[in-house]
Amino acid sequence: MKRIAIVTDSNSGITQTEAKQLGISVLPMPFFIDDTLYFEDITLTQEAFYERLLQDADISTSQPSLGDVTQLWDQLLQEYESVLHIPMSSGLSSSCQSARMLADDYNGRVVVVDNQRISVTQRQSVRDAMALAEAGHSAEEIRTILEEQKLQASIYISLETLKYLKKGGRITPAAAAIGTVLNLKPVLQIQGEKLDAYAKVRGKKAARRTMIEAIQKDLKNRFAEPLAQGRMGFGIAYSGNLEEALDWKAELEAAFPGVDFQMDPLSLSVACHIGYGALACGCYVKAI
């Protein structure tokens, strides 16, 4: 029997095709669009999502059904000794807590990681888990390592519009109107369990510069030691605007010579709340 099956969700940016290549499982996140249920990367593509978003469709996120989660675990446990489940941050969704509750019935054979990651940093957690499993660590040991390093990562996101933050009630209509008139671009930060404000600047160029300076500050201060050890990873994410993201990637590569940036579409669960046209960058410490 094989040792450890690794499970994550589509918030990691790992597609179903890539999951098969990696030998892992990815639970698709469910979305309701005008009361119709869709599953990310199964019946809902990135293109279709943004088309409906820009049409002002009523879009809401959900978590994988408990039955879908346990069905996948049960299938994997026929082949594997244990399952290591890496869901999106518990601060952004209740799916992590639900998975932990379900795992209580599996007598230790299912281990759920709550290391408060999403998108490019969640993807790195999956890579770390694969490397740690290959090195001989148990599922419990991997959980401990990943959770101990949960704050060893940062994501910075600049928005094209304040519309979706207003729609979700995260800012007032008045603040959104002022921001639009003044061309203010909020820069948000995901560090730990919450999506928080980091800065508010005028224009896209200033937003990009702010994100680059934020990463530079992290590398100089928080991550100086792992950077010197060659243990840092870097990622880029975007919400529907591939051409602009490629230009952003070139700008980052110029700012950080010799750095390899992994680029992926932003998780649709995040994009649902911040809209089309966002750009993001992240840095994270690799477990090994």
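Helix axes here are lines fitted to C-alpha atoms over the stretch in contact, and their angles run from 0 to 180 degrees between N-to-C directions. With that in hand, start at helix α3, residues 66-76, in this predicted model. The axes of α3 and α4 come within 11 Å of each other. They cross at roughly 50°. Angles from 65 to 115 degrees would count as roughly perpendicular, and those under 35 as roughly parallel. The α3 and α4 pair fits neither class, so α3 is oblique to α4. The crossing is right-handed. On the α3 side, the contact is made by L66, V69, T70 and W73. On the α4 side, S98, A99, M101, L102 and A103 take part. By class, the contact of α3 with α4 has seven nonpolar residues, two polar ones and no charged ones.

Follow the chain out of α4, which spans 95-103. The loop between α4 and β7 (110-112) holds N107. Most residues other than glycine have a negative phi. N107 is not a glycine, yet its phi is positive, at about 50°. Is N107 buried or exposed? Its relative accessible area is 75%, so N107 is exposed.

Past β7 comes a second case of this kind. S119 sits in the loop between β7 and α5. Its phi is also positive, near 60°, and S119 is not a glycine. The setting of S119 is buried, with a relative accessible area of 3%.

S119 also leads to another part of the chain. Leaving aside neighbours within four places in sequence, S267 is in contact with N11, I118 and S119. S267 belongs to the loop between β12 (261-265) and α12 (268-274). With a relative accessible area of 1%, S267 is buried. E251 is 16 residues from S267 along the chain, and their C-alpha atoms are 22 Å apart.

Return to the loop of S119 and move on into α5. Helix α5 covers residues 120-134, and helix α6 covers residues 139-148. They pack at an angle of about 140°, with their axes 10 Å apart. Why is this pair not called roughly antiparallel? That class needs an angle over 145 degrees, so α5 and α6 are oblique to each other. Their crossing is right-handed. From α5, the contact draws on S125, D128, A129, L132 and A133. From α6, it draws on I142, I145 and L146. Six of the residues in the contact of α5 with α6 are nonpolar, one is polar and one is charged.

Next come the rings. Aromatic pairs number eight in this model, counting rings whose centres lie within 6.5 Å. Y156 and Y198 form one of them. Their centres are 5.0 Å apart, with 65° between the planes. Planes over 60 degrees apart count as edge-to-face, and the pair is edge-to-face. Y156 lies in strand β8, residues 153-158, and Y198 in strand β10, residues 195-202. The pair therefore ties together parts that are 42 residues apart in sequence. What of their surroundings? Y156 is buried, at 1% relative accessibility. Y198 is partly exposed, at 33%. Elsewhere, F31, F49, Y50 and Y276 form one aromatic cluster.

Helix packing resumes further along. Helix α9 takes in residues 204-220, and helix α11 takes in residues 242-255. Their axes are 11 Å apart and the packing angle is about 45°. α9 and α11 are therefore oblique to each other. The crossing is right-handed. Which residues of α9 make the contact? They are K204, R208, M211, I212 and Q216. From α11 come E244, D247, W248, E251, L252 and A255. The contact of α9 with α11 has five nonpolar, one polar and five charged residues. E251, met earlier in its separation from S267, is one of the α11 residues in this contact.

End close to the start of the chain. K2 is in strand β1, residues 2-9. Its relative accessible area is 47%, so K2 is partly exposed. Not counting residues up to four places away in sequence, K2 touches E79, Y80 and E81. A224 is 222 residues from K2 along the chain, and the C-alpha atoms of the two are separated by 38 Å.

Technical notes. Residues numbered from 1 in each chain as written. Predicted model: local features only at pLDDT ≥ 70, side-chain atom pairs only at ≥ 80, totals over all residues. Heavy atoms only, no water. Helix = DSSP H or I, 4+ residues; strand = E, 2+ residues; numbered from the N terminus. Left-handed = near helix turned anticlockwise from the far one by under 90°. Contact = heavy atoms within 4.5 Å. Nonpolar A, V, L, I, M, F, W, Y, C, P; charged D, E, K, R; others polar. Phe/Tyr/Trp six-rings, centres within 6.5 Å; stacked < 30°, edge-to-face > 60°. Buried < 20%, exposed > 50% of the residue type's maximum accessible area, 1.4 Å probe, protein only.
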